[in-house]
Amino acid sequence: MSSSKPDKRVLTLRDAETDGLLTYVRHDRAGDLYEVQVDGRQLMLPGKHVLGWVAGYTAGRRHPATAPAPDDVATGELRRVLHHPGLADLCRLRLLEALHTDGVTIYELAARVSHTKKTVGKALRFGEWFNLATADEYAQALGRQWQVGLGTIGEPMPAGDTQALPWARRLRLSLDQHDRGWIRYLGPASINRARDAQRYQVQVGPDEHTVAAGDVDGWLAGVAAAHDEILSLPS
């Protein structure tokens, strides 16, 4: 006689239903989507985001929006790099996008340009000095081209912001919700640490939360849903 392990995501949704937060409808096993109804709206949650979404939605429902927190040490550097990058940091963002999009590691890029991994890694750290000739060399090694002149930079990738970078997307969304008073981003404060962080610290109302990096997309989408805004979730 065999027994199947209970689906933790279904149990979590049932608990939220018991608390009056939502109505759980069904699990579409073919697409691994969980259908829920929230305030009359139908949502299909990808399985990997369910636990984070419910946690964020619960936190957002418990505490209404507050006055936006002022910029502080936790948000100042992130905003400088992600919203108003200088030329060197803009080069880094575009190169990191190319690495992520192409699935190229720093080891592989180092081999292509005959530099050490340490040299390449340091060059791609925000705030470090970055020779623009080196940026051009790295771009060419990744099959990209750009032009630099009079403060204008042509992008080595298709036009757009940093949505292609998961860590940058998460941090930009965190800053947006911070500015709207839905959450307060507490850290990591360093853009370089935040880029590689496994966990983020946020506050909703008086409650502090530690959110695993893999749960951040779902968690922030849950907070947004608590404020009647529906965000699409990456599959």
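In the predicted model, strands β7 and β8 form a hairpin with 2 residues between them, and glycine 205 in the turn has a positive phi of about 60°. The two arms, β7 (residues 199-204) and β8 (residues 207-212), pair in the antiparallel sense over 6 bridges. Within this pairing, tyrosine 200 has valine 211 of β8 as its bridge partner.

An open sheet of 3 strands is also present, with the order β1-β2-β3 and antiparallel pairing. Its edge strands are β1 (23-28) and β3 (41-46), each of which pairs on one side only. On average, neighbouring strands of this sheet are turned by 25° against each other, direction ignored. Strand β2 (residues 33-38) runs antiparallel to β3 and is joined to β3 by 6 bridges; tyrosine 34 has leucine 45 of β3 as its bridge partner.

Two helices pack on this sheet. Helix α1 (residues 8-18) touches β1 and β2, and the direction of α1 makes about 160° with that of β1. Helix α2 (residues 50-62) touches β2 and β3, and the direction of α2 makes about 135° with that of β3.

Helix α2 also packs with helix α10 (residues 216-226): the axes of α2 and α10 come within 6 Å and cross at roughly 35°. This crossing of α2 and α10 is right-handed. On the α2 side, the contact is made by Gly52, Trp53, Ala55, Gly56, Tyr57, Ala59, Gly60 and Arg61, and on the α10 side by Gly218, Trp219, Ala221, Gly222, Val223, Ala225 and Ala226. By class, the contact of α2 with α10 comprises 9 nonpolar, 5 polar and 1 charged residues.

A further helix pair is formed by α4 (residues 87-102) and α7 (residues 132-141), which pack at an angle of about 15° with their axes 11 Å apart. Because angles under 35 degrees count as roughly parallel, α4 is roughly parallel to α7. The crossing of α4 and α7 is left-handed. Helix α4 contributes Leu87, Cys91 and Leu95 to the contact, whereas α7 contributes Leu132, Ala135, Tyr138 and Ala139. The residues of the contact of α4 with α7 divide into 7 nonpolar, no polar and no charged.

The two helix pairs can be set side by side: the crossing of α2 and α10 is right-handed, whereas that of α4 and α7 is left-handed. In residue class, the contact of α2 with α10 includes 5 polar residues, while the contact of α4 with α7 has no polar residues.

Terms used. Residues numbered from 1 in each chain as written. Predicted model: local features only at pLDDT ≥ 70, side-chain atom pairs only at ≥ 80, totals over all residues. Heavy atoms only, no water. Axes fitted to C-alpha atoms, helices over the stretch in contact; angles between N-to-C directions. Helix = DSSP H or I, 4+ residues; strand = E, 2+ residues; numbered from the N terminus. Parallel < 35°, antiparallel > 145°, perpendicular 65-115°, else oblique. Left-handed = near helix turned anticlockwise from the far one by under 90°. Contact = heavy atoms within 4.5 Å. Nonpolar A, V, L, I, M, F, W, Y, C, P; charged D, E, K, R; others polar. Pairing = 2+ DSSP bridges.
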